[in-house]
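Here are some exercises to work through with the structure open beside you. Try each task before reading its solution.

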Number of protein chains: 2
Amino acid sequence: MDLREFQKQIAKAYREKDRARGLAGTFMYFMEEVGELAEALREPEKHDLEGEFADCVAWLASLADIAGIDLAAATEKKYPGTCPVCGQSPCICISKP
Amino acid sequence: MDLREFQKQIAKAYREKDRARGLAGTFMYFMEEVGELAEALREPEKHDLEGEFADCVAWLASLADIAGIDLAAATEKKYPGTCPVCGQSPCICISKP
């Protein structure tokens, strides 16, 4: 699944509503989905775990669109397949603990 | 950027650490990044907004890996380009407000 295309798809469907709602309001929706993800991770048999992960990706894409960030480019830049610093694939020197 | 490949890349680099830390501990790291994203959205000139978005995607991929969820498949399923229900592209009937 192409993340860049997905962000465009979300922007096409929701940009108008997302922008009207604004950054803070859209962040609240994102947080609501993050909370539902926590709930589903804790009791996956009672929730739609797959759907909650999907909603988090979708709201992250909405937020990135409002903020003018290309989610795919940002992710590739910070987590390149082959790191320009350590030369490893995957990189062994990035900051993710 | 292919989200499925990215999840594999993250799993290759971090699965061992992520699993040892466990689901709850990894969720806490994800939340830490979500908090940093909020901070960067509020004052983008003082933070690495792109990097914070990237970290959220990366930790979401780690969480999905631990939970046995294919993030790309989950997202495509819930947010298909052309909706099998309404027949529209983008779908106009899915639940995202």
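**Exercise 1. Find how many residue pairs are in polar contact across the interface of chain B and chain A, then work out what the chain B side is made of.**

Solution. Keep in mind that this is a predicted model.

Step 1: Start with the polar contacts. The rule finds 14 residue pairs across the interface of chain B and chain A, with both residues at pLDDT 80 or more.

Step 2: See which elements take part. On the side of chain B that touches chain A, α1 (3-42), α2 (49-67) and α3 (71-78) of chain B each give two or more residues. The largest share comes from α1(B), with 20 residues.

Step 3: Sort that side by class. You get 36 nonpolar, 6 polar and 12 charged residues.

Step 4: Now take the interface as a whole. Here 54 residues of chain B are in contact with 53 residues of chain A. About 4600 Å² is buried between the two chains, and carbon and sulfur atoms give 70% of that area.

**Exercise 2. Pick out a salt bridge between chain B and chain A, and decide whether each partner is buried or partly exposed.**

Solution.

Step 1: Count the candidates. There are 4 salt bridges between chain B and chain A, while the structure holds 18 over all chains.

Step 2: Choose one. The side chains of D55(A) and K78(B) meet in a salt bridge, at 3.0 Å from N to O. This pair crosses between chains, running from helix α2 of chain A to helix α3 of chain B.

Step 3: Check the partners. D55(A) has a relative accessible area of 4%, so it is buried, as the cut-off is under 20%. K78(B) comes out at 23%, so it counts as partly exposed.

**Exercise 3. Find out which parts of chain B are tied together by the salt bridge of R4(B) and E76(B).**

Solution.

Step 1: Look at the pair. The side chains of R4(B) and E76(B) meet at 3.3 Å, N to O.

Step 2: Place both residues. R4(B) is in helix α1 of chain B and E76(B) is in helix α3 of chain B, so the bridge ties together parts that are 72 residues apart in sequence.

Step 3: Add accessibility. R4(B), at 26%, is partly exposed, and E76(B) is partly exposed at 37%.

Step 4: Glance at chain A. There, R4(A), D70(A) and E76(A) are linked in a network of salt bridges.

**Exercise 4. Work out which elements supply the largest nonpolar core, then follow F53(B) and F6(B) to what they touch.**

Solution.

Step 1: Size up the core. The largest nonpolar core has 54 residues, and F30, L37 and F53 of both chain A and chain B are those with the most contacts inside it. At least two residues come from each of α1 (3-42), α2 (49-67) and α3 (71-78) of chain A, and likewise from each of α1, α2 and α3 of chain B.

Step 2: Follow F53(B). Leaving out residues up to four places away in sequence, F53(B) touches several residues of chain A, including L60(A), L63(A) and L71(A), as well as L37(B) and L41(B).

Step 3: Turn to F6(B). This residue sits in helix α1 of chain B and is buried, with a relative accessible area of 3%. Beyond its neighbours within four places in sequence, F6(B) is in contact with T75(A) and Y79(A), and also with M1(B), V57(B), A58(B) and A61(B).

Step 4: Finish with a distance. F6(B) and L71(B) are 65 residues apart in sequence and 9.8 Å apart in space, C-alpha to C-alpha.

Key:
Residues are numbered from 1 along each chain as its sequence is written. Chains are lettered from A and ligands numbered from 1 in the order in which they are written. Side-chain values use heavy atoms; hydrogens and water are left out. Contact means heavy atoms within 4.5 Å. Buried area is the accessible area (1.4 Å probe) that two parts lose on being put together, summed over both. A polar contact is a pair of N or O atoms within 3.5 Å; within protein, one must be able to donate a hydrogen and the other to accept it, and residues adjacent in sequence count only if both atoms are side-chain atoms. Helices (H or I, at least four residues) and strands (E, at least two) are DSSP runs, numbered from the N terminus. Ala, Val, Leu, Ile, Met, Phe, Trp, Tyr, Cys and Pro count as nonpolar, Asp, Glu, Lys and Arg as charged, and the others, Gly among them, as polar. A nonpolar core is a set of buried Ala, Val, Leu, Ile, Met, Phe, Trp, Tyr and Cys residues joined through side-chain atoms within 4.5 Å. Buried means under 20% relative accessible area, exposed over 50%, partly exposed in between (1.4 Å probe, protein chains only).
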